[in-house]
Each structure stands twice: as structure tokens, then as C-alpha cells.
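Visitor: Please take me slowly through one part of this model, the packing of a pair of helices.

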Amino acid sequence: MNFNKLYNFLQDLNNNNSKEWMDANRKRYKEVRDSYIAWLDTIDAKLATIDDEYFATPGKKGINRINNNLLYHPNKPVYKDHFGAGLDKKPNTADFYVEIGLSESTCLAGGLWRPDAATLRSVRDAIDYNGEELKEIINKKSFKQTFGTLYEGEKLIRPPKGYSKDHPHLDLLQNKTFAVLYPLKKEEVLSKDFAAILVSVYKEMLPFRRYLNNAITV
């Protein structure tokens with residue numbers, strides 16, 4: 001995968017963010033997209049060799065649309081400034097997300113982003129039953145060095161319904177999103193070590209994702 005071509009395409013798209021420009025550069029877009037999909041296929045195969053529970057996700061299935069959803073976000077540009085994809089994407093589980101682009105949000109991430117009420121309730125039940133295990137995972141030195149803290153999104157001001165304000169894991173129970181991210185630098189993506197970096201991050205995140213998936217399925 002020539003990531004320089006990907007970055008150059010995204011920069012030009014960002015400078016000319018319109019359907020007219022995209023239509024005139026459709027061949028170029030497809031070449032970059034197809035190359036990214038092929039790269040995702042190699043990463044998919046690599047991750048499957050290190051995780052017995054890995055859910056095979058071909059690049060074509062994992063890749064996200066480059067169009068923004070203007071129906072719900074009318075103030076956003078027509079096209080995104082990145083290519084994103086979910087891997088290990090078994091339905092209703094915490095997948096592994098790869099985003100490569102221009103913005104500061106470029107990252108490797110995983111977990112549950114604003115899950116539905118039933119899923120969120122299952123995670124909170126797991127924390128109530130065995131929150132010590134989750135805290136042990138996220139407080140591990142290497143985990144904190146890689147991800148810092150859990151993603152700080154929306155949180156409840158009060159305890160969730162049915163939980164006491166004195167609950168020992170209240171700080172976790174108040175989360176509406178359970179996810180972590182590893183910010184990617186352009187230099188990392190362009191380096192010969194990028195695949196190794198990605199695998200290392202995947203492995204470090206795996207116990208966290210498995211905890212969430214067990215909470216949902218058990």
C-alpha cells in the first residue's frame with residue numbers, strides 16, 4: 001500500500017471537497033480505495049493468525065463510506081478526510097477500527113461507541129458483577145502507555161438507574177461509550193514498521209475488547 005498516494009488524494013479532496021471534483025477524479029479515488037482494501041485484506045489475515053476468536057472481515061466488508069451523512073450532519077463537508085474500516089467485525093461486538101487520514105482523529109481504536117440501551121445495560125451489569133477485572137485491564141501499565149484512559153465521551157452526571165452513588169465502580173458505570181484509541185502519527189503510517197505497530201496495538205487492546213464482548217454475550 002502506497003500511503004503517500006492515499007494522503008495526497010485526501011489532501012486534494014480536502015482542498016476541493018465537492019461532488020464535481022470527486023466525479024472528475026473518480027478513477028483516482030477507486031485506485032486508492034482498492035489499494036486500501038487490498039491492504040486491509042493483508043491485515044485481516046495477519047490478525048487472524050494471532051487471535052483464535054478473530055472474526056474474518058474482508059476489506060470490502062470492513063471499509064466505511066467516504067461520504068458524510070449529510071442528512072444527519074448537514075454542516076459537514078460532502079466527503080470525509082480519511083479512510084476508515086472496522087476489522088474483527090462480528091455483528092454486535094466491539095470491533096477494531098482503523099482510520100487513516102488528515103485529521104487529528106486518525107487512530108487505531110476499538111470498543112463500543114454509544115451502544116444501544118440493551119448493550120449498555122449488559123456492560124454495566126458486567127461491571128457491577130466484576131468491575132475489578134475491567135479496572136485491572138485498563139490500569140495495566142502498558143495499556144495506559146498505549147491508550148491513556150478510556151475515551152472521554154458523554155457521561156452521566158448521576159449514577160445509572162439502579163446503582164448507588166457509593167458504588168465502587170461508579171466512574172465506569174457512568175460511561176455511555178466504552179472505547180479506547182491510539183492516535184496515529186503520519187510518520188508511523190509511512191514507516192516500514194506500521195504493520196508491527198498495528199499488531200502491537202491490537203494485542204494490547206484485545207483483553208479490553210474481550211471483556212466487553214463477554215459482557216454482551218454471556
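Visitor: Is the crossing of H1 and H3 left-handed or right-handed?

Guide: This is a predicted model, in which local features need pLDDT of at least 70 and side-chain atom pairs count only at pLDDT 80 or more, while totals for chains, interfaces and linings use all residues. Residues are numbered from 1 along each chain as its sequence is written, and side-chain values use heavy atoms, without hydrogens and water.

H1 and H3 cross in a left-handed way (the near helix is turned anticlockwise from the far one by less than a right angle). H1 covers residues 3-15 and H3 residues 26-48 (DSSP runs of H or I, at least four residues, with strands being E runs of at least two, numbered from the N terminus). Their axes come within 10 Å and cross at roughly 140 degrees (lines fitted to C-alpha atoms over the stretch in contact, with angles from 0 to 180 degrees between N-to-C directions). The two helices are therefore oblique to each other (not under 35, over 145 or 65 to 115 degrees).

On the H1 side, the contact (heavy atoms within 4.5 Å) is made by Phe 3, Lys 5, Leu 6, Asn 8, Phe 9 and Asp 12, which meet Arg 28, Tyr 29, Val 32, Tyr 36 and Trp 39 of H3. By class, this contact of H1 with H3 has 7 nonpolar residues, 1 polar and 3 charged (Ala, Val, Leu, Ile, Met, Phe, Trp, Tyr, Cys and Pro are nonpolar, Asp, Glu, Lys and Arg charged, and the others, including Gly, polar). To recap, the pair is oblique, and its crossing is left-handed.
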